Amino acid sequence: MNSSVSGPQHDPYAALRLPEFRRLISARVFYTVATRIQGLAVSWQIFKLTNDPLALGLIGLSEAIPSIAVSLYAGHVADTIRRKNIIVVGVAVLLLCAAMLWFFASPLGVGFLARGSFYTLPLYGVIFVSGIARGFLGPALFSFMPQLLPSRERLANAITWNSTTYQAAAVIGPAIGGYLIAHLGVANSYAVATGLLLIALLQFFSIASRPLPPIEGEKLSLQDSVLSGLRFIWQNQLVLAALSLDLFAVLFGGAVALLPVFAADILKVGAAGLGHLETAPAVGSVLMAALLTYFPLRRQAGRKLLWAVAGFGVATIFFALSTNIWLSLFLLFLTGVFDAVSVIVRQTLIHTFTPEYMKGRVAAVNNIFIGSSNEIGSFESGAMARLLGVVRSVVFGGMMTIAVVGITAWRADKLRRLDMTPEKATAGA
């Protein structure tokens, strides 16, 4: 009788064999496609109304301020209320916001906007409300996903598939959005986004609820509970370094907020071309995430993470200098490739080192660091574009990203030496 001396084979489809996990990621696909279409439509609508790059930056700021304001409390809520309930309510609010944007883009809504001096203010108001909803959704989604897994062994595979399907949706969303805006108009784009959010809501609703994990240790007061996620990350140099690296890279290096300007004024490719520009980074991300599903990032993961973020900065600089649409698409594709490495390493670290009973609070801090840095980075990009010009501002952001990598590599020795082979990752956790 033959006996095998090798360990268990890596199953790239382990998480996908779970029906409720499949339902969760399919709901996230509909949700992500809808929000990407909506984000592209509102950016195009506001830029056409104002012709001001700073107005594009204000879109991100309008969403980041409420999201940051509620995030710590939202983390406490995600660890004290069943997470499925929070997800259903959050997606329902986003559905109502999409319907309001649809109204404001309709003939009746356009007439309503035209009567006011600050005709874009209602649009920013809807974005502000959606920021509150996303502030609660982030921690709930992050901490609910591991509850659908029967064992910790499937966690890394689930994280990779979760990222892969998210990036695939991020590819589809802008492509659909660009086509809809170019051929059917902004109002119909919002209508499609509203329909997709309704499907996502029904999908999330169909997943069975899960009880909260038992709390370890003494029960904390509301204030201590809200701040415990911050304390946990502050005391963990490895997670803190990974979050800080991503925070400043996104804050300075993101050119996505200015893509309507590149599409309209520099590359001159219009709304359809804007959809392609928005899609290119996500194509790179989904391909890299799919590759990491079969070949997980383990040995010397810290060094690879640092090189990936540096590559993100370099690709951003060359994108700013490009005037050729094909070269620009390729460089945006590379930013997505490098970003996927950062996302998967960071999420794996947080899930590995965080106890189940406080994942909502730690995810809330992650949402402040990463989720809101996208929106604040959008404002920074718009403000710097007003100050330096569009091209110079993006070049400056890419250079700052490379500088952040250098400082992190110098100061965060634990991240630099990070190894995620199973035996070392288990020992570290």
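**Close-up views of a predicted model**

**View 1. Arginine 28 and its surroundings in helix α1 (residues 19–50).** The side chains of arginine 28 and asparagine 162 form a polar contact of 3.0 Å (a pair of N or O atoms within 3.5 Å; within protein, one must be able to donate a hydrogen and the other to accept it, and residues adjacent in sequence count only if both atoms are side-chain atoms). This is a predicted model: local features need pLDDT of at least 70, side-chain atom pairs count only at pLDDT 80 or more, and totals for chains, interfaces and linings use all residues. Residues are numbered from 1 along each chain as its sequence is written, and side-chain values use heavy atoms, with hydrogens and water left out. Neighbours within four places in sequence aside, arginine 28 is in contact (heavy atoms within 4.5 Å) with Asn162, Tyr166 and Phe204. Arginine 28 counts as buried because its relative accessibility is 18% (buried means under 20% relative accessible area, with a 1.4 Å probe and protein chains only).

**View 2. Arginine 210 in the loop between α7 (186–205) and α8 (222–234).** Helices are DSSP runs (H or I, at least four residues), numbered from the N terminus. The side chain of arginine 210 makes a polar contact of 2.4 Å with the side chain of glutamate 20, and also reaches the backbone oxygen of alanine 208 at 2.9 Å. Not counting residues up to four places away in sequence, arginine 210 touches Glu20, Arg82, Phe144, Gln147 and Leu148.

**View 3. Helix α12 (residues 301–321).** Of the 21 residues of α12, 15 are buried, so the helix is largely enclosed by the rest of the structure.

Key:
Helices (H or I, at least four residues) and strands (E, at least two) are DSSP runs, numbered from the N terminus. Buried means under 20% relative accessible area, exposed over 50%, partly exposed in between (1.4 Å probe, protein chains only). The expected span of a helix is 1.5 Å times one less than its number of residues.
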